[in-house]
Amino acid sequence: MKNLATLLTLFVLLVTFTSCKTDQQKKAEIVTNNYVRYIDSVTKKGISNAIIDWNHIAKGFEKKSNELNIEIDKLENVKRFDDKINPATAKYEDFRNIVFEKKLQQEKNLSLQ
């Protein structure tokens, strides 16, 4: 009877541990998808809108990035998430560089006038 109780307790702990991992992975998936969607929405707005609203965009990116890092750090196997995150981050960085170049160009043109 003791063996049965011990085995049952071990089974309950194993199921609980497994379900926690699944919940963490689900939450990481949601946060990852939100991160990718945010970057897609920012880059679709266009460069001229981004120049005007860059501070808001940068704060939003930082918030999404922090949320993502917190959830991803809880997981052991992040390869699946990295495959989504890395291209989105590269897309954001490319867009940011283009926005900064255009912004500098506009400022230079204004100073020449």
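Visitor: Does T43 count as buried or exposed?
Guide: Keep in mind that this is a predicted model. T43 sits in helix α1, which runs over residues 2-44. The cut-off for buried is under 20% relative accessible area. T43 comes in at 18% relative accessibility, so T43 counts as buried.

Visitor: Which residues does T43 touch, leaving aside those up to four places away in sequence?
Guide: Start with the local picture: a polar atom of the T43 side chain lies 3.1 Å from the backbone oxygen of D40. Once residues up to four places away in sequence are set aside, the contacts of T43 are K91 and F95.

Visitor: Stepping back, how many helices and strands does the protein have?
Guide: Reading from the N terminus, the elements go α-α-α-α. That gives a secondary structure of four helices and zero strands.

Visitor: What share of the contacts with a separation of 6 or more comes from residues 24 or more positions apart?
Guide: One example of a link between distant parts of the chain is the ring pair of F61 in helix α3 and Y92 in helix α4, 31 residues apart. For the protein, contacts between residues 24 or more positions apart account for 84% of those with a separation of 6 or more.

Visitor: Which members of the largest nonpolar core touch the most other members?
Guide: This core has 20 residues. Helices α1, α2 (47-52), α3 (54-73) and α4 (79-112) each supply at least two of them. The members that touch the most others are Y35, W54, I57 and I72.

Visitor: And what does I72 touch, not counting residues up to four places away in sequence?
Guide: I72 is one of the buried residues of α3. With residues up to four places away left out, I72 touches A28, T32, V78, F81 and I85.

Visitor: How far does α3 reach from its first C-alpha to its last?
Guide: α3 has 20 residues, and at 1.5 Å a residue you'd expect 28 Å. The model is close to that, with a reach of 28 Å.

Visitor: What arc do the buried residues of α3 cover around the axis?
Guide: The buried set in α3 is W54, I57, G60, F61, S65, L68, E71 and I72. They lie on the same side of α3, because the arc they cover is only 130°.

Visitor: Which residues are exposed on the other side of α3?
Guide: For scale, buried residues make up 24% of the 113 residues in the protein. Turn to the other side of α3, and the exposed residues are N55, H56, K59, E62, K63, I70 and D73.

Visitor: Now the rings: is the pair of W54 and F100 stacked or edge-to-face?
Guide: The structure holds four aromatic pairs. In the one made by W54 and F100, the ring centres are 5.5 Å apart. Planes over 60 degrees apart count as edge-to-face. Here the planes are at 70°, so the pair is edge-to-face.

Visitor: How many residues apart are W54 and F100?
Guide: W54 is buried, at a relative accessible area of 7%, whereas F100 is partly exposed at 34%. W54 belongs to helix α3 and F100 to helix α4, so to speak of distant parts of the chain is fair: they are 46 residues apart.

Visitor: What is the centre to centre distance of F61 and Y92?
Guide: Both F61 and Y92 are buried. Their rings are stacked, with 5° between the planes. Centre to centre, the distance is 3.7 Å.

Visitor: Which residues do the ring pairs link into a cluster?
Guide: The pair of W54 and F100 is edge-to-face, while that of F61 and Y92 is stacked. The cluster linked by ring pairs is Y35, W54, F61, Y92 and F100.

Conventions
Residues numbered from 1 in each chain as written. Predicted model: local features only at pLDDT ≥ 70, side-chain atom pairs only at ≥ 80, totals over all residues. Heavy atoms only, no water. Helix = DSSP H or I, 4+ residues; strand = E, 2+ residues; numbered from the N terminus. Buried < 20%, exposed > 50% of the residue type's maximum accessible area, 1.4 Å probe, protein only. Polar contact = N/O pair within 3.5 Å; in protein donor to acceptor, adjacent residues only side chain to side chain. Contact = heavy atoms within 4.5 Å. Core = buried A, V, L, I, M, F, W, Y, C linked by side-chain atoms within 4.5 Å. Expected span 1.5 Å × (residues − 1). Arc of directions from axis to C-beta. Phe/Tyr/Trp six-rings, centres within 6.5 Å; stacked < 30°, edge-to-face > 60°.
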